[in-house]
Amino acid sequence: MKLICIGRNYTEHIEELENEKPTDPVVFLKPDTAILLKKQPFFIPDFSEDVHHEVEVLVKINRVGKHIAKKFAYKYYDEIGLGIDFTARDLQGELKAKGLPWEKAKAFDGAAVVGKWLPKMDFEDVNAIEFSLKKNDIFVQKGNTSHMLWKIDELIEYVSKYFTLKIGDIIFTGTPAGVGKVVANDKLKGFIGDKELFSITVK
C-alpha cells in the first residue's frame, strides 16, 4: 500500500509558509515504512532540528481504480480518518532551495501517523468535517474540509490519473494553518469533532 499526500490544499497554510497557491494539487508519496507503529512514540530524527506537525483528514481506498471520474469517486472509500504528516521543515527548506524532491523531509520512518478510522456513513457531509490537533492539551490546529481547495472526490479523480489506487491506500488530504515545531515530551492528540482518533508522545 502507499500513502498519497496532498500539499498546499488550505489557503491559510499556504500563506503561513509563504508558498505560491498551486494551479493543481501538489502530490507526493510516503512509503508504508513511514507509518508510525501503533502505541509507539514519535522519535525526532537526528537529521532535523525543526520537525513540524501537520494534522490531516485521511481517506482509505477500498477498491482498485484508475482514471476515476469525480462523480464516481465516492464509491472508492467508506472510511475517514485523521493523521499527522510529520515534516522535517529545515531539511525540506534545503531540498526546495535546490529544486530537489521532498521525500527525505516527509517520508522518513515514523513520519506518518494514522489514527482510528470512522465509517463514512457517520458524516452528513465529508466536505464539512471539523478536525483539530492538541499539543499538550492546547489546540494548535483547527480545520474544516469545507476549506479545502480541492475536495476529497476531486483529489481521488486527480491522483487516479497518475497512480492506480489500490485497496488500503491512504490519501492524506492536506493540512490547515497552525503547523509548528514538536519537541521531546510533547503530547499530540487528534480529533474529528469531539472524537479522539490518535494520541502520541514525542521523544
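I started with H67, which is exposed, at a relative accessible area of 57%. The model I am reading is predicted. I then placed H67: it sits in the loop that runs between β4 (55-61) and β5 (77-85). Next I checked the backbone. Phi of H67 is near 50°, a positive value, and H67 is not a glycine. I noted this since most residues other than glycine have a negative phi.

**A second positive phi**

I turned to N185. What is the phi of N185? I read a positive value of about 80°, again in a residue that is not a glycine. I found N185 in the loop between β11 (180-181) and β12 (187-192). Is N185 buried or exposed? N185 has a relative accessible area of 52%, so I log it as exposed, the cut-off being over 50%.

**T11**

I looked up T11 and found it in helix α1 (residues 11-16). Its relative accessible area is 32%. I call T11 partly exposed because that value lies between the 20% and 50% limits. I also took a C-alpha to C-alpha distance from T11 to K66. The two are 28 Å apart in space and 55 residues apart in sequence.

**Nonpolar cores**

I went inside next. How many residues does the largest nonpolar core have? I count 47. F42, I80, F86, I156 and I192 have the most contacts inside this core. Which helix gives the most to it? That is α4 (residues 152-162), with 5 residues. I found another core lying apart from this one, with 11 residues. C5, L58, W102 and V114 are among them.

**Largest pocket**

I ended with the largest pocket. I put its space at about 250 Å³. The lining has 15 residues, and K38, K39, F198, S199 and I200 are the closest to the pocket centre. Which strand supplies the largest share of the lining? I traced that share to β13, which gives 6 residues. Both β7 (112-119) and β13 (195-201) supply at least two lining residues each. I sorted the lining by type: 7 residues are nonpolar, 4 are polar and 4 are charged.

**Recap**

I keep two loop residues on my list, H67 with phi near 50° and N185 with phi of about 80°. For the interior, I keep the core of 47 residues and the other core of 11. For the pocket, I keep β13 as the source of the largest share of the lining.

Notes
Residues numbered from 1 in each chain as written. Predicted model: local features only at pLDDT ≥ 70, side-chain atom pairs only at ≥ 80, totals over all residues. Heavy atoms only, no water. Core = buried A, V, L, I, M, F, W, Y, C linked by side-chain atoms within 4.5 Å. Buried < 20%, exposed > 50% of the residue type's maximum accessible area, 1.4 Å probe, protein only. Helix = DSSP H or I, 4+ residues; strand = E, 2+ residues; numbered from the N terminus. 1 Å grid on protein atoms, 1.4 Å probe; cavity = no way out; pocket = protein on both sides within 12 Å on 5 of 7 lines; lining within 4 Å. Points joined across faces, edges and corners; volume = space filled by probe spheres on them. Nonpolar A, V, L, I, M, F, W, Y, C, P; charged D, E, K, R; others polar.
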